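Grab a coffee and work through these exercises with the model open beside you. Each one has a task, then a solution in steps.

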Amino acid sequence: MTPTTTKTLYDTDFALWIDETVDRLKAGDFAAIDLDNLIEEVESLGISQRKSVHSFLVRLLEHLLKRCYVPLPDCYRGWEIE
């Protein structure tokens with residue numbers, strides 16, 4: 001006997017799932033919200049944001065080190081812009 005897979009709106013139309021979830025949150029219809037997938041999305045957003053901040057900080061430190069140790073003033077402006 002094989003388990004059956006029920007496709008949800010989250011699995012079939014992610015954009016529509018987002019719109020419906022936002023509408024339900026705004027309406028206060030918390031009983032109809034797909035909590036498992038909403039929690040998963042919020043968690044992944046937090047992880048993504050942390051990775052992004054980490055990446056920017058690493059890039060900033062790279063530029064600061066280049067500025068301190070590479071004697072090429074012509075390159076400084078490009079690093080400052082980025």
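A residue counts as buried under 20% relative accessible area, as exposed over 50%, and as partly exposed in between. Keep in mind that this is a predicted model.

**Exercise 1. Where in the protein is confidence lowest, and where is it highest?**

Step 1: Start with the overall score. The protein averages a pLDDT of 85, and 83% of the residues score at least 70.

Step 2: Go element by element. Helix α4 (residues 73-81) has the lowest confidence, with a mean of 68, while helix α2 (residues 14-27) has the highest, at 95.

**Exercise 2. Work out how the span of helix α3 sits against the expected one.**

Step 1: Helix α3 covers residues 35-69, which makes 35 residues.

Step 2: The expected span is 1.5 Å times one less than the number of residues. For α3 that gives 51 Å.

Step 3: From first C-alpha to last, α3 reaches 51 Å, close to what's expected.

Step 4: While you're there, pick out the buried residues of α3: they are Asn-37, Leu-38 and His-63.

**Exercise 3. Is Thr-21 buried or exposed, and what does Thr-21 touch?**

Step 1: Find Thr-21 in helix α2.

Step 2: Its relative accessible area is 6%, so Thr-21 is buried.

Step 3: Skip the neighbours within four places in sequence, and Thr-21 is in contact with Ile-33 and Leu-38. Leu-38 is itself one of the buried residues of α3.

Step 4: Check the polar side too. The Thr-21 side chain reaches the backbone oxygen of Trp-17 at 2.7 Å.

**Exercise 4. Track down the salt bridges and say how accessible each partner is.**

Step 1: Here's the idea: side chains of opposite charge can pair when their charged atoms come close.

Step 2: Apply the cut-off, a side-chain nitrogen of Lys or Arg within 4 Å of a carboxyl oxygen of Asp or Glu. The count comes to 2 salt bridges.

Step 3: Glu-20 pairs with Arg-24, with the closest N and O atoms 3.5 Å apart. Both sit in helix α2, 4 residues apart, or about one turn of the helix.

Step 4: Glu-62 meets Arg-59 at 2.9 Å, N to O. These two lie in helix α3, 3 residues apart, again about one turn.

Step 5: Now the accessibility. Glu-20 has 28%, so Glu-20 is partly exposed; Arg-24, at 30%, is partly exposed. Glu-62 comes in at 32% and counts as partly exposed, and Arg-59 has 34%, so Arg-59 is partly exposed as well.

Methods
Residues numbered from 1 in each chain as written. Predicted model: local features only at pLDDT ≥ 70, side-chain atom pairs only at ≥ 80, totals over all residues. Heavy atoms only, no water. Buried < 20%, exposed > 50% of the residue type's maximum accessible area, 1.4 Å probe, protein only. pLDDT = per-residue confidence, 0-100. Polar contact = N/O pair within 3.5 Å; in protein donor to acceptor, adjacent residues only side chain to side chain. Contact = heavy atoms within 4.5 Å.
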